[in-house]
Amino acid sequence: MEGVRIQNQPEQRSRAAAASGPPPQPYGDGRPFEVQFTENGEMVRPTGWRDWPYVGTPLTPNGLNPPEAPFPEFHNVYMEPSAYDHYKRTGEFKDGTLLVKELVGVQKNNTTNQQDGSTVESSGRGYFMSDYIGLETEYKSSRRYPNEPGNWAYFSFGHVPEAQYAAATAAQPTNNCNACHQANAQQDYVFTQHYPVLRGARERVGRR
Ligand code: HEC
C-alpha cells in the first residue's frame with residue numbers, strides 16, 4: 001500500500017515531494033475547476049464534467065418505476081477532479097466539493113419489453129443508454145451555505161434534453177433535496193454506498 005501513503009501526505013504538490021519519492025497522482029493537471037456563480041447567487045452550469053472522475057451509475061428505469069422514475073433513468077455521477085484527489089488522500093469530501101449527476105435515458109427499439117422497458121443487445125437483455133436527459137449538482141461550501149445541513153446546496157439544471165440545460169440555476173430549498181440525502185446517504189450526504197470508486201478510495205486510506 002505504498003501508493004496510499006504517498007497520497008496521504010497533506011497538500012503536497014511541491015517539487016520537494018516529487019523529488020523524495022514517486023509523485024502523487026492528481027487527476028489531470030490537478031487544478032481545481034472553479035465553480036462560478038451569477039451576481040444573484042445562481043450556480044452557472046459547470047463545463048467539462050464528462051471528463052472528470054466518474055464514480056458510479058445507479059439506474060432507475062421508467063419501466064420499473066411507472067409512469068416515470070423521480071430521477072430517470074441512468075444516473076452518471078462525476079466528481080470535480082481536485083475534490084476527488086482530496087477524497088483519495090483523506091476519505092472525506094473537502095469544503096468546495098462539487099458532484100455532478102447527469103441523467104441518461106434508456107434506449108427503446110423493436111425489442112423493448114413493454115413491462116420493464118428493457119431491450120435486447122448482443123450482450124443480453126438489459127438497459128442501454130440513449131440520450132442525456134437531465135443535470136443536477138451538489139456543492140459543499142461553508143462560506144456560501146453556512147446554514148444548509150452539511151453545508152451542501154443542491155441544484156437542478158432541468159430534466160430536459162442536453163441542449164436545453166439551464167445556463168444557471170438557484171439553490172433548491174433544503175427540503176427538496178438535502179433532506180433525503182441527509183436521511184439516506186451513507187457518508188456526508190453523498191450516496192457512497194452506490195459508488196464503488198469512492199468506497200474503494202476510502203477503504204484504501206483505512207476509513208470505513
Ligand atoms: C427521495 C430522495 C432524494 C431526493 C429528494 C433527492 N435525491 Fe439526490 N440522490 C438520491 C439518491 C438515492 C442518490 C444516489 C444516486 C442515485 O440513485 O441517483 C442521489 C444522488 C444525487 C447526486 C449525486 C451525488 C450523491 O450525493 O450521491 C446529486 C448531485 C443529487 N442527488 C442531486 C439532487 C438534487 C439537485 C435534488 C433535488 C432537486 C435531489 N438530489 C433530491 C436521492 C434523493
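This tour proceeds from the whole chain to the ligand site, and then to two serines and the last helix.

**The whole chain**

The coordinates on display are a predicted model. Begin with the protein chain in cartoon representation: five helices and nine strands are present. Followed along the sequence, these elements appear in the order α-α-β-β-β-α-β-β-β-β-β-β-α-α. Colouring by accessibility shows that 41% of the 208 residues count as buried. Among contacts with a separation of 6 or more, 61% are between residues 24 or more positions apart.

**The ligand and its pocket**

Select the ligand next, together with the protein surface. The ligand occupies the largest pocket. The elements that contribute two or more residues each to the surrounding shell are S3, strand S4 (98-106), strand S7 (129-140), strand S8 (152-156) and H4. Which of the elements gives the most to this shell? It is S7, with three residues.

Now display the residues around the ligand as sticks. There are 21 of them, and the closest are His75, Cys177, Cys180, His181 and Tyr195.

**The iron atom**

Centre the view on the iron atom of the ligand. Which protein residue supplies its single donor? The donor is NE2 of His181, at a distance of 2.2 Å from the iron. To place this residue in the fold, select helix H4, residues 178-184, where His181 is located.

**Polar side chains at the ligand oxygens**

Turn from the iron to the oxygen atoms of the ligand, and select three side chains in succession.

- His75 has a polar side-chain atom 2.4 Å from a ligand oxygen.
- Tyr195 places a polar side-chain atom 2.5 Å from an oxygen atom of the ligand.
- Lys101 likewise has a polar side-chain atom at 2.7 Å from an oxygen atom of the ligand.

**Ser142, in the loop after S7**

Select Ser142 in the loop that links S7 and S8. Is this residue buried or partly exposed? Ser142 is partly exposed, because its relative accessible area is 34%, a value between the limits of 20% and 50%. Beyond its neighbours within four places in sequence, Ser142 is in contact with Asp95 and Asn151. Show the side chain of Asp95: a polar contact of 2.9 Å joins it to the side chain of Ser142. Then draw a distance from the C-alpha atom of Ser142 to that of Trp152; these residues are ten apart along the chain, and the separation is 8.2 Å.

**Ser82, in helix H3**

Move to helix H3 and select Ser82. With a relative accessible area of 10%, Ser82 is therefore classed as buried, the limit being under 20%. Adding Glu80 to the selection reveals a polar contact of 2.6 Å between the side chains of Ser82 and Glu80.

**Helix H5 and what covers it**

Finish with helix H5, residues 196-204, in which Leu198, Gly200, Ala201 and Arg202 are buried. To see what lies over these buried residues, add strand S2 (54-56), strand S3 (74-79) and helix H3 (81-90), which are among the covering elements. H3 is thus met again here, having already been visited as the helix that holds Ser82. S3 also returns, as one of the elements that give two or more residues to the ligand shell. The last stop is Gly206, just after H5, where the backbone adopts a positive phi of about 75 degrees.

Conventions: Residues numbered from 1 in each chain as written. Predicted model: local features only at pLDDT ≥ 70, side-chain atom pairs only at ≥ 80, totals over all residues. Heavy atoms only, no water. Donors = N, O, S within 2.8 Å, 3.2 Å for Na, K, Ca; no water. Helix = DSSP H or I, 4+ residues; strand = E, 2+ residues; numbered from the N terminus. Buried < 20%, exposed > 50% of the residue type's maximum accessible area, 1.4 Å probe, protein only. Contact = heavy atoms within 4.5 Å. Polar contact = N/O pair within 3.5 Å; in protein donor to acceptor, adjacent residues only side chain to side chain. Near = heavy atom within 4 Å. 1 Å grid on protein atoms, 1.4 Å probe; cavity = no way out; pocket = protein on both sides within 12 Å on 5 of 7 lines; lining within 4 Å. Sits in = over half its atoms within 2 Å of the grid points.
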